[in-house]
Amino acid sequence: MLETSPFAPPATAPLQPLDLSWARDAGVELAMLRLDSIDPHLSGNKWYKLAPYLAACSAQPDGTIPATGLISLGGPHSNHLHALAAAGQRFGLPTVGLLRGEPCQTPTVVDLQQAGMTLHWLGYGGYRARHQPGFWAPWQARYPGFVCIEEGGCSLAAAESCARLVGGLRGQLGDLGWDDYTALWLAAGTGTTLAGLVIGEAGAHPVYGALAGPPAHGVGHAVAALLEQAGRLDAGYCLIEAARGGFGRIDETLLAFMADTEAETGVPLDPVYTAKALLALRLTLAAGRFAPGSRIIVVHTGGLQGRRTLLERAS
């Protein structure tokens, strides 16, 4: 069980009120599940998604030989690889990162190297081949016994690990003076955490996923596939366009909104995920999609590597 694994993340994260003027204007109450605050290195939803893979590296009850390391993919600013490298360093596990593009140095790449992750740069064509049959075979031969983790940790096991977050946030509603909530709202990168929250909600509340990338990235198909595997075919979620021109695309409106929101709340945001999700929520409230009196929980999924890069470029 993940709950008893030495690699298990915290059972929950702090749930705090989120006081924003535009939400007050709409008559809507907001709270934020601060997954970004659970750990300085294994931040956000990444630890929850990695938990089942990490558990495969511990002694197995049936006597199966545990995995000896972990290997995954990502870009030079990848939150996923950053968390994987940090987990490997903390728990004494070898990690390998397959990176998009040509060798370069970013704050994230420097951290990966310092954490002891072995890096392989695939170029762009090599990285695009990650969905092709047989992609993992040469890497499994090169690193026998390693667990191969799909980009972003996308899997049913990862989604089911994220499903546990629902019980944790519900247990804190009384601290807000809430007896219930209207919906969950979060950024969607691969859709794994979104699918997990839909599984955890089991139809009790809708889950809104603000797309960090364009629909062509296939999040809708990924979420549908995960829910089908989980035996949940109901439409307990909604995808909202939030990419603002593409994954990682940052415009002046987003930057100004991010700065204003950080000043108003004191919560650190990133321009790739949570800032875009909050801006999409503001636009949705302005359009009157949620009735006055609604209570919405925003899930801060962490992922602050994009923020680090933004701050470095501004310095």
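## D270 and its loop

D270 sits in the loop that links α11 (252-265) to α12 (274-286). The model is predicted. Is D270 buried or exposed? D270 has a relative accessible area of 0%. Buried means under 20%, so D270 counts as buried.

The side chain of D270 makes a polar contact with the backbone. It reaches the backbone nitrogen of T274 at 3.1 Å. T274 is also the residue at which α12 (274-286) begins. Which residues does D270 touch, not counting those up to four places away in sequence? They are M258, A275, K276, G302, G303, L304 and R307.

## Helix α3

Helix α3 covers residues 79-91, which makes 13 residues. At 1.5 Å a residue, the helix should span 18 Å. Its end C-alpha atoms are 18 Å apart, so the expected span and the model agree.

How many of the 13 residues of α3 are buried? The count is 10, so the helix is largely enclosed by the rest of the structure. The buried residues of α3 are N79, H80, L81, H82, A83, L84, A85, A86, A87 and G88.

Both ends of α3 have a local feature. At the start, a side-chain oxygen of S78 comes to within 3.2 Å of the backbone nitrogen of H80. After the helix comes G92, with a positive phi near 70°.

## Strand β7 and its partners

Strand β7 takes in residues 183-188. Six of its six residues are buried, so the strand is largely enclosed by the rest of the structure. β7 pairs with two strands, β10 (residues 295-300) and β8 (residues 207-211).

The pairing with β10 is parallel and runs over four bridges. Within it, L184 has I297 as its bridge partner. L186 stands opposite V299 in β10. The pairing with β8 is also parallel, over five bridges. Here A187 stands opposite A210. Between β7 and β8, helix α9 (residues 192-201) completes a β-α-β unit. What is the handedness of this unit? It is right-handed.

## Strand β10 and strand β2

Five of the six residues of β10 are buried, so this strand too is largely enclosed by the rest of the structure. β10 also pairs with strand β2 (residues 29-34). Six bridges join the two, and they run parallel. L33 stands opposite V299 in β10. V299 therefore faces L33 and, from β7, L186.

## Nonpolar cores

The largest nonpolar core holds 58 residues. Which of them touch the most other members? They are L33, L54, L70, Y181, L197 and I297. Helix α7 (residues 156-170) gives the most to this core, with seven residues.

Another core, of 33 residues, lies apart from it. W185, A187, M258 and L281 are among its members. M258 is also one of the residues that D270 touches.

I297 has a long list of partners. Leaving aside neighbours within four places in sequence, I297 is in contact with L15, A31, L33, L169, L173, W178, Y181, A183, L184 and W185. L33 and Y181 are, like I297, among the residues that touch the most other members of the largest core. L184 is the bridge partner of I297. W185, in turn, belongs to the core of 33 residues.

Note on methods
Residues numbered from 1 in each chain as written. Predicted model: local features only at pLDDT ≥ 70, side-chain atom pairs only at ≥ 80, totals over all residues. Heavy atoms only, no water. Buried < 20%, exposed > 50% of the residue type's maximum accessible area, 1.4 Å probe, protein only. Polar contact = N/O pair within 3.5 Å; in protein donor to acceptor, adjacent residues only side chain to side chain. Contact = heavy atoms within 4.5 Å. Expected span 1.5 Å × (residues − 1). Core = buried A, V, L, I, M, F, W, Y, C linked by side-chain atoms within 4.5 Å. Pairing = 2+ DSSP bridges. Right-handed = clockwise from strand over helix to strand, strands pointing away.
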